[in-house]
Amino acid sequence: MTVELLIILTLVLGLVSYFMGRFNKVYGAVVTIIASMFVFISVGYMANDILDGSTFNYNAVKYLPVFATFTVSYLGIFFAILVTFVFAMVSFFNPFFVEKYKYPAVYNMLYIFSLAGVLGVFFTDNLMVLFFFFEFVVWSGLFIIPLGKSKKAAVSYYAFSTAGSFALLYAIFIMRDVAGTYNLYAGLASVSGTTQGTYVMILLSISAFSKLGAFPLHTWLPAAHGNAPHPFSPVLSGALVKLGAFVAILALVKLAPVGDLQSVFGSYTDATFLYASQYAVAILGAMTIVFGTLMAIRQDDAKKLLAYSSVSNGGYILVALSIGGSVGLAGGLYHIIAHALASAAAFLAIGAVSRVTGTSKMSELGGMIHKMPITYMVYLIAIISMAGIPPMGGFISKWLIFQAVIDNGLILIAVAVFFGSIGSFLYVFRPLAALFLGQELPQHKDKAKIPPFFMLLPMIILSLLIVYTGVFPNYILGFINDVMAELGVDALVIGKYTIQGPNGVLHPTLVASVFGVGVLIAFIIFIVLKKSRKVGLMDTYTAGNFIYTEELMHYSLDFYAPIERLYEKYINITEDFYKKLENKVVDFGRMVKYFFFTNKPEVTVFWIVVIIGFLLWGDL
Amino acid sequence: MSAILLIAVPLLTAFVSILFKKYSHYMLIAVSFLSVFALGYMDLETITIGGFDAPFGIVLILDNYSLIGLYLVNILFFIVAVLNCKEYKKLSSILLVSLAGLNGLLLTGDLFNLFVFLEVAGIAAYLITTTNKKPLATFNYLVQGTLGSSLYLLGLILLYAMFGTLNMSDMAREIGTSGYGAGVTALPFLLMFIGFGVEAKLLPFNSWAKGILASSNSLSGPMIASVYAAAISLVFGRLLTNVFVIEGTLLTIVMGILVFSLVAGEAMAFSSKKVKEILLYSSVSQAALVVLVFMTGFAGWAVYLIIGNATAKLVLFLVTNIAAKQLGDDEVDTFKGLFTNNKVVGLAFTAVTLSVVGLPFFFGFVTKMNILENMFLSGAYVWPALILITSFIEGIYFIRLLLNLWHTDGDSPEVKFDFVLKYVVVVIAVLTMIFGVYTKPVQDSADDLVVYSITEGGNF
Amino acid sequence: MLQYAAIAMLMLGLYGLLTQRNVIKIIVSLNIFEIGLNLFIISVGYVDDGIAPILTSNFNNNGLIFVDPLPSALVLTAIVIGVGTTALALALANNIYQKYGTFEIDEMGEE
């Protein structure tokens with residue numbers, strides 16, 4: 001199976017699913033499962049091949065343009081296998097949601113198209129092909145998002161993504177100009193360390209920031225994730241956002257860093273190998289973490305909350321990648337996996353809840369655990385990983401990132417990183433408490449039921465993987481070491497069950513077993529002790545008065561009001577900035593219209609006279 | 001077959017059709033179909049008229065460049081004519097005149113002859129726009145158009161006084177050998193540039209465009225925005241690449257005009273809330289882009305840009321004008337959800353729009369990438385950045401428009417599109433997709449076009 | 001000398017187009033502009049003491065100086081075209097008057 005053939009087959013399957021979808025909505029959605037499983041398995045075979053040491057430079061389909069070359073690298077396969085896995089898992093949800101969409105067949109087709117686009121991005125060694133698929137992913141996602149709740153979200157998704165792709169394109173042209181070829185590796189190598197390299201790095205960073213939803217280019221992400229159709233939110237957050245991480249690796253690891261920080265701040269920082277460019281990205285990443293966390297705390301919509309947590313996690317990835325080194329890079333790559341799995345699982349769980357209740361607002365939900373216990377467990381495991389608590393995958397990656405940050409003496413960034421970690425305790429458990437725990441709301445009582453098996457299956461697989469990545473990280477870290485070897489970074493020192501950081505050794509399995517014992521004890525206590533009595537929601541009195549508006553008693557409403565008051569004045573600054581920018585363009589357009597487009601011919605005559613006058617003025 | 005028939009036959013038929021009013025629209029269809037058909041039997045040649053050899057006589061040049069332009073204009077013209085021949089029967093004779101004028105514009109190799117055809121096509125265009133029932137807008141168009149072509153004539157005469165020739169390639173040669181600096185020829189070239197700028201909708205000279213296109217109908221909209229725009233841009237391109245010498249102050253002025261048109265056009269479209277206005281302002285910007293590409297010397301890709309824009313604008317204006325006629329106005333709010341009941345037309349419209357925006361798998365992507373690449377490699381780093389910024393704005397408003405047309409919260413409007421129109425738009429959409437993927441012929445021929453567009457002029 | 005008269009007429013026409021807001025006056029301005037242009041074209045071909053470039057059989061004018069015949073030919077065409085546009089413009093003026101009841105553009109209001 002060559003890459004071209006795989007991509008073309010995927011596109012064909014997309015068309016098949018469209019026509020199946022015209023014929024029967026659900027069958028069309030089933031095609032998406034088949035297609036994405038097929039792609040995932042094929043990519044798995046490629047991974048298997050590359051681990052066996054085969055060489056890869058596929059160019060078998062001769063009708064493609066000559067420059068459309070593909071190659072399989074460790075880095076590509078790392079991203080591809082993760083992303084196609086997320087696609088494959090999420091696709092199981094499609095048949096259950098597709099009937100509600102306005103254009104179900106189009107949804108199926110575009111779902112598969114964006115999968116094909118992602119494959120193209122990760123497997124090409126040609127910059128033009130990379131851009132081609134980059135834009136392809138943008139427009140195929142673009143028409144899926146409005147099938148959810150909001151058209152505006154799709155427009156801002158397009159705007160920011162396109163800004164990112166155009167920055168990428170300009171960087172590509174610079175590389176093409178210097179290297180004389182569109183080859184990815186030659187291009188990056190040729191500009192590395194030159195003046196053009198600085199521009200390329202800035203442009204690639206813009207591209208990565210916009211895709212990853214990092215501050216200050218993040219405003220599209222919560223809107224798009226929060227408003228996309230339920231099965232597409234996990235794909236956006238778990239898979240498509242990772243394109244930004246891919247570009248970030250090109251910018252931060254593959255290019256030589258720019259600007260010697262040591263000569264400027266020599267005595268103030270212990271960052272021995274950190275350069276200005278990396279430091280700037282790390283600072284912006286840290287701001288992203290703080291910003292995402294603060295915004296996530298105040299969300300009422302569970303999907304928006306998770307979206308802001310994606311923003312914040314994107315910040316972690318940027319911090320880790322910009323610090324680099326074997327620990328930092330390994331932490332970043334591992335965090336990409338951990339976050340993809342956790343956010344996909346969490347979004348799927350929320351999606352499963354809103355399928356039956358029709359809302360994902362926390363203040364309108366409660367007590368879903370009674371009817372959906374497995375969904376609850378899935379969500380619990382996902383958020384534990386997101387908060388970076390052992391024994392889940394998120395713990396390992398955050399441990400590595402903390403090690404890298406501390407080892408380099410980056411105090412400001414360390415503060416942000418720890419703040420984000422504590423902040424995520426604050427916010428991720430809110431949907432847990434609000435959606436699943438508490439009393440069952442009467443309006444959802446009859447509708448809630450255990451999701452069908454094929455919805456549970458992907459969620460369970462994801463949960464098991466989250467636990468696996470937390471307990472036995474060393475197999476995956478071994479693969480990450482291969483990726484890092486390809487990127488020219490020293491390998492992370494790992495034992496059979498241990499990870500060696502600069503400040504100590506981590507025994508994930510041991511930690512996990514201690515945790516397991518703790519959970520076991522808690523479970524025994526739960527079984528042995530007396531059961532609690534269930535009361536109805538309306539069975540509530542305060543100060544002897546009956547409560548008429550029970551929603552106000554929902555304890556997750558305005559939960560962090562005191563904290564929010566500290567910063568709620570400043571939350572809209574970036575949004576306002578883009579809004580004002582837009583208004584400026586509109587004002588300019590209106591002004592030109594007002595001055596130039598009247599029903600009198602004299603305007604044209606006037607400008608003709610002015611321009612001729614200008615020319616003659618210069619001559620006389 | 002001689003290319004002169006492309007001018008003579010429509011002109012003759014136009015006068016004959018006045019005598020047989022009943023059958024005039026059949027004549028229109030027949031002639032416009034025949035001229036598309038006849039193009040296949042034309043040899044590439046230079047035709048001297050009346051036996052006077054160039055540079056003394058008038059020559060018609062049929063090279064690859066004008067051939068591709070003739071195909072484009074005649075096919076688009078045929079489509080517009082077929083779709084409108086019943087509704088606007090009265091205009092058949094005028095449409096025939098305009099066909100003659102447009103073919104003449106594309107073919108002629110003589111600067112004064114170009115002026116004549118410009119006026120012939122122009123007068124036909126004014127008459128076509130009278131179907132908008134906005135006499136003031138048409139009057140405005142007429143005054144500006146006449147003034148523009150008069151300025152062209154003035155510039156032309158100044159050139160004649162200097163170099164004593166009217167033949168394009170002879171003129172170019174004379175300018176090359178005369179040793180005059182760019183300052184001497186700047187004024188005539190500016191006057192000619194303005195003359196074409198009025199017709200090509202470049203910004204300070206185009207206040208007619210809003211009055212005409214914002215209230216256009218299914219005949220005048222596609223005709224002016226697509227067929228005329230294509231023809232004028234192609235002729236403009238020939239002048240820019242072969243005749244004009246633009247340097248010094250003139251270059252500053254011209255670039256200023258182009259940048260302003262490019263940016264302001266997109267900004268105006270961005271701030272518009274009516275579908276037709278969005279389309280017309282975006283075509284202002286695209287016209288400037290075409291001229292810019294010609295100026296930077298990539299004639300082959302500029303031609304493909306024109307083809308892409310003209311076909312796209314044809315579809316967009318046709319669909320919009322038919323829908324606007326049935327719905328009463330063209331506010332985006334009225335159009336919301338238009339395509340929920342017209343999926344086929346909607347898909348074609350979407351494909352064409354995505355092509356205009358320049359997204360992959362569509363024809364627009366190929367042209368845009370090649371233009372940007374060529375510009376960048378020729379060392380012009382500012383233009384690609386500017387084009388990217390403008391196409392960023394363009395993308396946003398087009399995508400916003402598309403999403404509005406597909407999704408609505410309320411009821412979706414009922415609009416009927418007839419079969420022929422559906423067929424046409426689908427064929428165009430499919431072609432944009434095919435050539436968006438199968439790029440080899442486009443790539444190869446674009447390079448050819450660049451070579452041939454330096455015309456061999458007359459045979460002297 | 002003729003050039004200056006022609007250029008003055010061109011300027012006058014442009015001035016009229018710039019300042020007038022009456023449909024008929026605009027048409028008149030346009031005509032003045034065109035006539036100035038035509039005069040200018042003629043002036044380009046003019047040669048001092050030249051005679052009309054007409055070849056006759058009963059008068060041998062081989063040794064004399066002709067004015068350039070081409071501009072005269074061009075002007076013929078330009079005049080015809082000018083008349084055509086003027087006629088069309090006047091027809092439109094009639095339409096405008098029927099629609100708005102006035103020739104003053106200011107009184108018609110923006111659309």
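# Working through a predicted model

In chain B, contacts between residues 24 or more positions apart make up 81% of those with a separation of 6 or more. Keep in mind that this is a predicted model.

**Exercise 1. Work out whether the size of chain B agrees with a compact globule.**

Step 1: Start with the make-up of the chain. Chain B holds 19 helices and two strands.

Step 2: Get the expected value. For 460 residues, a compact globule would have a radius of gyration near 23 Å.

Step 3: Compare. Chain B comes out at 21 Å, which agrees.

Step 4: Add the other numbers. The C-alpha atoms of chain B fill a box of roughly 70 × 60 × 45 Å along the principal axes, and 65% of the 460 residues count as buried.

Step 5: Check the confidence. Chain B has a mean pLDDT of 84, with 96% of its residues at 70 or more. Watch out for residues 451-460 of chain B, though: the pLDDT there is below 50, and the stretch has 33 contacts in the model beyond near neighbours in sequence.

**Exercise 2. Do the same for chain C.**

Step 1: Look at the elements. Chain C has three helices and zero strands, so the pattern along its sequence reads α-α-α, and the globule rule gives 13 Å for its 111 residues.

Step 2: Compare. The radius of gyration of chain C is 19 Å, well over that 13 Å, so the chain is more spread out than a compact globule.

Step 3: Look at the box and the burial. The C-alpha atoms of chain C take up roughly 65 × 25 × 15 Å along the principal axes, and buried residues are 30% of the 111.

Step 4: Turn to contacts. Taking pairs at least 6 apart in the sequence of chain C, 56% of the contacts join residues at least 24 apart.

**Exercise 3. Describe the two sides of chain B's partners: what does chain A bring, and how does chain B meet chain C?**

Step 1: Take chains A and B. Here 43 residues of chain A are in contact with 49 residues of chain B. On the chain A side, α6 (127-142), α7 (151-179), α25 (573-596) and α26 (602-619) each give two or more residues. Helix α7(A) gives the most, with 12 residues. Sorted by class, that side has 30 nonpolar, six polar and seven charged residues.

Step 2: Now chains B and C. This contact takes 19 residues from chain B and 24 residues from chain C. On the chain B side, α5 (111-129) and α6 (135-163) each supply at least two residues, and α6(B) gives the most, with 14 residues. By class, that side has 15 nonpolar, three polar and one charged residues.

**Exercise 4. Is A:Val191 buried or exposed?**

Step 1: Place the residue. A:Val191 lies in helix α8 (residues 184-191) of chain A.

Step 2: Count neighbours. The cut-off for buried is 20 or more C-beta atoms within 10 Å. A:Val191 has 23 C-beta neighbours inside 10 Å, so it counts as buried.

Step 3: Name some partners. Beyond its neighbours within four places in sequence, A:Val191 is in contact with residues including A:Ile174, A:Met175 and A:Val200.

**Exercise 5. Check the length of helix α19 of chain A, then look for a kink.**

Step 1: Helix α19 (residues 411-436) of chain A has 26 residues, and at 1.5 Å a residue these should span 38 Å.

Step 2: The end C-alpha atoms are 38 Å apart, which agrees.

Step 3: Even so, α19(A) has a kink of about 25°, centred on A:Ser424.

Note on methods. Residues are numbered from 1 along each chain as its sequence is written. Chains are lettered from A and ligands numbered from 1 in the order in which they are written. This is a predicted model: local features need pLDDT of at least 70, side-chain atom pairs count only at pLDDT 80 or more; totals for chains, interfaces and linings use all residues. Two residues are in contact if their C-beta atoms, placed from the backbone, lie within 7 Å. Helices (H or I, at least four residues) and strands (E, at least two) are DSSP runs, numbered from the N terminus. Ala, Val, Leu, Ile, Met, Phe, Trp, Tyr, Cys and Pro count as nonpolar, Asp, Glu, Lys and Arg as charged, and the others, Gly among them, as polar. A residue is buried if 20 or more other C-beta atoms lie within 10 Å of its own, exposed if 12 or fewer, and partly exposed in between; C-beta atoms are placed from the backbone. pLDDT is the predictor's confidence in each residue, from 0 to 100. The expected span of a helix is 1.5 Å times one less than its number of residues. The bend at a residue is the angle between axes fitted to the seven residues ending there and the seven starting there. The radius of gyration is taken over C-alpha atoms; the globule rule is 2.2 Å times the number of residues to the power 0.38.
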